[in-house]
Amino acid sequence: MARRKKYIYTNKKTSQRAIMSTILGIISNVSLATVIYMSYLEDGETEHGYGMTAILGMIFSIAGLVLGIITVKNKNYYRFFPVAGIILNAAALFVIALILNLAQGA
């Protein structure tokens, strides 16, 4: 017997806000990883531009987190991109908090 194909009809779509949230999370994480790596190469002697990059990454993460939370609450959108954006942006904010906590203790 041949199996019949099953189709699921839905009105859900992918949100542009959710995609932007994921992109902002990726940008934040890549910029923070680059700043941490460059700082490691210079034995912790960093320039002011590294700190500004981290601040910009924090701003991007907050904006991406807000976009992801707004989108995940709406049931008319698929959940992959909003959840991915929330996870990526929360991870970037966690890394920034960890860096600030370690810098305060030093």
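This briefing describes the helices, the largest pocket and several individual residues of the structure above. The model is predicted. Helix α1 covers residues 16-41, helix α2 covers residues 48-73, and helix α3 covers residues 80-105. The largest pocket has a lining to which α1, α2 and α3 each supply at least two residues.

**Helix α1 and residue S28**

- S28 has its place in helix α1, which runs over residues 16-41.
- Because its relative accessibility is 0%, S28 counts as buried.
- Leaving aside neighbours within four places in sequence, S28 is in contact with G57, F60, S61, N89 and A92.
- Among these contacts, G57 and S61 belong to the buried residues of α2, while N89 and A92 belong to the buried residues of α3.

**Helix α2**

- Helix α2 has 26 residues, and the distance from its first C-alpha to its last is 38 Å.
- This reach is close to the 38 Å expected at 1.5 Å a residue.
- The buried residues of α2 are Y50, G57, S61, G64, G68, T71 and V72.
- The cover over these buried residues of α2 includes α1 and α3.

**Helix α3**

- Helix α3 also has its span checked: its 26 residues should cover 38 Å at 1.5 Å a residue, and its end C-alpha atoms are 38 Å apart, which agrees.
- P82, A84, G85, N89, A92 and I96 are the buried residues of α3.
- These buried residues of α3 pack against α1 and α2.

**The largest pocket**

- The volume of the largest pocket is about 420 Å³.
- The largest pocket is lined by 17 residues, of which V35, Y50, G51, A54 and I99 are the closest to its centre.
- Sorted by class, the lining of the largest pocket comprises 12 nonpolar, 4 polar and 1 charged residues.
- One of the residues closest to the centre of the pocket, Y50, is listed among the buried residues of α2.

**Residue G51**

- G51, which is one of the residues closest to the centre of the largest pocket, is found in helix α2.
- G51 is partly exposed because its relative accessible area is 34%, a value that lies between the limits of 20% for buried and 50% for exposed.
- G51 and L32 are 19 residues apart in sequence, and their C-alpha atoms are 9.9 Å apart in space.

**The aromatic pair**

- The count of aromatic pairs comes to 1.
- This pair is formed by F80 and F81, with 5.2 Å centre to centre and 75° between the planes.
- The arrangement of F80 and F81 is edge-to-face; the angle of 75° is over the 60 degrees that this class requires.
- F80 counts as exposed, because its relative accessibility is 60%.
- F81 is partly exposed, with a relative accessible area of 30%.

**Residue Y77 in the loop**

- Y77 is found in the loop between α2 and α3.
- At 22% relative accessibility, Y77 counts as partly exposed, since only values under 20% count as buried.
- Not counting residues up to four places away in sequence, Y77 touches K12, K13, T14, S15 and T71.
- One of these contacts, T71, is among the buried residues of α2.
- Y77 and S39 are 38 residues apart in sequence and 40 Å apart in space, C-alpha to C-alpha.

Note on methods
Residues numbered from 1 in each chain as written. Predicted model: local features only at pLDDT ≥ 70, side-chain atom pairs only at ≥ 80, totals over all residues. Heavy atoms only, no water. Helix = DSSP H or I, 4+ residues; strand = E, 2+ residues; numbered from the N terminus. Buried < 20%, exposed > 50% of the residue type's maximum accessible area, 1.4 Å probe, protein only. Contact = heavy atoms within 4.5 Å. Expected span 1.5 Å × (residues − 1). 1 Å grid on protein atoms, 1.4 Å probe; cavity = no way out; pocket = protein on both sides within 12 Å on 5 of 7 lines; lining within 4 Å. Points joined across faces, edges and corners; volume = space filled by probe spheres on them. Nonpolar A, V, L, I, M, F, W, Y, C, P; charged D, E, K, R; others polar. Phe/Tyr/Trp six-rings, centres within 6.5 Å; stacked < 30°, edge-to-face > 60°.
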